[in-house]
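Please open the model in a viewer and keep the sequence panel at hand. The tour below proceeds by selection, with each stop followed by what is found there.

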Amino acid sequence: HMSRAACNMAGKLFSEEVRPKGYAVLLLHPGFNRTEMTAKYKHIWDIEGAVDPSEGAKRVLKEVIQGSLETTGRFINCEDGKQIPW
């Protein structure tokens with residue numbers, strides 16, 4: 001298994017490798033979703049703006065649709081569409 005940082009770096013390097021072939025690689029943070037995985041934070045779901053998984057999936061899909069060679073290799077927060085700095 002890779003650490004989160006190693007996974008991010010692998011995605012970044014892969015994006016540079018396949019860019020000349022016309023492929024875009026997206027690194028996406030889906031945001032805070034109300035799932036079994038985040039259930040231990042149930043007490044702050046409303047405070048922190050956790051969304052239903054169907055809403056989270058729509059956010060991810062929106063970023064995938066907007067992805068391009070111009071945005072390849074960027075780490076994007078699907079909650080607001082902004083780039084997360086490395």
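Which residues does asparagine 77 touch, not counting residues up to four places away in sequence? Select asparagine 77 in this predicted model: its contacts beyond that range are His29, Lys82 and Ile84. Asparagine 77 belongs to strand E2, which covers residues 75-77. With a relative accessible area of 15%, asparagine 77 falls under the 20% limit and therefore counts as buried.

**The whole chain**

Next, display the complete protein chain as a cartoon. There are 3 helices and 2 strands to find, and along the sequence they follow the pattern α-β-α-α-β. Along its principal axes, the C-alpha trace spans about 45 × 30 × 20 Å. Of the 86 residues in the chain, 26% are buried. Among contacts with a separation of 6 or more, 46% are between residues 24 or more positions apart.

Now switch to a surface representation. The accessible surface of the protein chain amounts to about 6,300 Å², and carbon and sulfur atoms account for 58% of that surface. Colouring by charge brings up 12 positive and 11 negative side chains. The centres of these two sets lie 2 Å apart.

**Histidine 29, on strand E1**

From asparagine 77, move to its contact partner His29. Histidine 29 is part of strand E1. Is histidine 29 buried or partly exposed? Its relative accessibility is 34%, which lies between the 20% and 50% limits, so histidine 29 is classed as partly exposed. Leaving aside residues up to four places away in sequence, histidine 29 touches Phe75, Ile76, Asn77, Cys78 and Ile84. Add glutamate 79 to the selection and draw a distance between the C-alpha atoms: histidine 29 and glutamate 79 are 8.1 Å apart in space, although 50 residues separate them in sequence.

**The largest pocket**

Keep histidine 29 selected, as His29 is also one of the residues that line the largest pocket. The volume of this pocket is about 270 Å³. To show the lining, select Arg4, Asn8, Leu27, Leu28, His29, Pro30, Gly31, Asn33, Thr35, Met37, Thr38 and Phe75. Which element gives the most to this lining? Strand E1 does, with 3 residues. Helix H1 (4-18) and strand E1 (27-29) each provide at least two lining residues.

**Cysteine 7, on helix H1**

Continue to cysteine 7, which is located in helix H1. Cysteine 7 is partly exposed, as its relative accessible area of 32% lies between the 20% and 50% limits. For a distance from helix H1 to strand E1, take cysteine 7 and leucine 27: their C-alpha atoms are separated by 9.5 Å, and the two residues are 20 apart along the chain.

**Glutamate 63, on helix H3**

For the last stop, select glutamate 63 in helix H3, which runs over residues 53-66. Is this glutamate buried or exposed? Glutamate 63 has a relative accessible area of 9%; this is under 20%, so the residue is buried. Not counting residues up to four places away in sequence, glutamate 63 touches Leu26, Leu28, Ile76, Cys78 and Gly81. Ile76 and Cys78 also appear among the contacts of histidine 29, so selecting them leads back to strand E1.

Methods: Residues numbered from 1 in each chain as written. Predicted model: local features only at pLDDT ≥ 70, side-chain atom pairs only at ≥ 80, totals over all residues. Heavy atoms only, no water. Helix = DSSP H or I, 4+ residues; strand = E, 2+ residues; numbered from the N terminus. Buried < 20%, exposed > 50% of the residue type's maximum accessible area, 1.4 Å probe, protein only. Contact = heavy atoms within 4.5 Å. Areas by Shrake-Rupley, 256 points an atom, 1.4 Å probe, with all protein chains shown as cover. Lys, Arg positive; Asp, Glu negative; His and termini not counted. Charge placed at Lys NZ, Arg CZ, Asp CG, Glu CD. 1 Å grid on protein atoms, 1.4 Å probe; cavity = no way out; pocket = protein on both sides within 12 Å on 5 of 7 lines; lining within 4 Å. Points joined across faces, edges and corners; volume = space filled by probe spheres on them.
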